[in-house]
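Biologist: Before we discuss any details, could you put the sequence and the model in front of us, so that we can go through them together?

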Amino acid sequence: MDMKKRIHLELRNRTPSDVRELVLDNCRSVEGKIEGLTAEFVNLEFLSLINVGLISVSNLPKLGKLKKLELSDNRISGGLDVLAEKLPNLTHLNLSGNKLKDISTLEPLKKLDNLKSLDLFNCEVTNLNDYRDSVFKLLPQLTYLDGYDIEDREASDSDGEVDGDGVDDDEDEGEEEEDEDGEEEDFDEEDDDEEDEEEVEGEGEEDDEEVSGEDEEEDFGQDGEVDEDEEDEDEDEEAEATGKGEKRKRDPEDEDEDEDEEDDD
């Protein structure tokens with residue numbers, strides 16, 4: 001994808017003045033030059049043009065607020081004077097993997113009064129004798145060269161990062177707050193769900209107890225009915241047995257009466 005189209009996509013329906021960070025890595029430059037980037041990006045603080053085939057930065061527009069510029073893995077061999085002219089507030093510059101051979105090619109950077117960090121990894125200039133001492137002498141405003149200060153102390157994360165590198169810090173903080181709020185809401189919803197489940201389980205247990213109680217009552221009623229029927233049957237049997245006994249007791253008397261009647265006759 002060419003650089004102009006890439007810039008259009010990166011805008012995402014924003015105006016250039018709304019953009020604070022612009023990453024155009026691995027797109028195609030036109031004849032080794034920057035294309036599509038204009039001075040309308042007045043609030044741009046971070047620009048990354050890694051591996052885009054740049055030979056020159058002469059087409060770079062004036063970006064007064066730009067603080068960090070990534071130009072690594074291109075074919076730049078000189079012409080750095082335009083950086084001091086167009087990027088007066090630049091603090092971090094990465095030229096690693098370019099074709100810079102001599103210390104003299106870095107002289108234009110003396111005009112970048114705010115330059116704090118310079119990276120020249122994998123450039124031929126780093127193979128020169130006394131390379132580090134020479135660069136620190138040439139650029140006294142520099143704090144870090146290739147990630148280390150003049151005393152060979154490594155840059156801390158806070159020193160290594162440009163202020164503009166946290167371009168979207170406010171937005172990120174807002175997103176983090178939203179995430180935390182979202183997590184809290186999720187926890188609340190989970191708690192509510194657990195309470196609802198407990199209530200449902202409690203109601204289910206009560207219903208089961210009620211059903212069990214009803215079943216017991218029904219069983220008890222049925223048993224009661226059975227017991228009453230058995231009692232009635234027992235009473236009938238006793239009555240029959242009693243009747244039989246009475247009949248048996250009366251039989252001899254009945255026989256005597258019959259004999260007396262015969263004698264009277």
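Biologist: Which are the buried residues of helix α1?

Modeller: This is a predicted model, and in it helix α1 spans residues 3–11. What covers the buried residues of this helix includes β1. The buried residues themselves are Met 3, Arg 6, Ile 7, Glu 10 and Leu 11.

Biologist: Why are these buried residues on the same side of α1?

Modeller: An α-helix has 3.6 residues a turn, so residues three or four places apart point the same way. The face of α1 turned away from the buried side carries the exposed residues Lys 4, Lys 5 and His 8. The buried residues are on the same side of α1 because the arc they cover around the axis is only 140°.

Biologist: At the start of α1, which residue has a side-chain oxygen that reaches the backbone nitrogen of Lys 4?

Modeller: The atom that reaches this backbone nitrogen, to within 3.2 Å, is a side-chain oxygen, and the residue it belongs to is Asp 2.
At the other end, α1 is followed by Arg 12, whose phi is positive, near 50°, but the residue you asked for at the start is Asp 2.

Biologist: Asp 25 is buried yet has no salt bridge, so how far away is the nearest side chain of opposite charge?

Modeller: Asp 25 is found in the loop between β1 (21–23) and β2 (46–48), where its side chain makes a polar contact with the side chain of Ser 48 at 2.6 Å and reaches the backbone nitrogen of Ile 50 at 3.1 Å. A salt bridge would need a nitrogen–oxygen distance within 4 Å, whereas the nearest side chain of opposite charge, that of Arg 6, is away by 6.3 Å.

Terms used: Residues numbered from 1 in each chain as written. Predicted model: local features only at pLDDT ≥ 70, side-chain atom pairs only at ≥ 80, totals over all residues. Heavy atoms only, no water. Helix = DSSP H or I, 4+ residues; strand = E, 2+ residues; numbered from the N terminus. Buried < 20%, exposed > 50% of the residue type's maximum accessible area, 1.4 Å probe, protein only. Lys, Arg positive; Asp, Glu negative; His and termini not counted. Polar contact = N/O pair within 3.5 Å; in protein donor to acceptor, adjacent residues only side chain to side chain. Arc of directions from axis to C-beta. Contact = heavy atoms within 4.5 Å.
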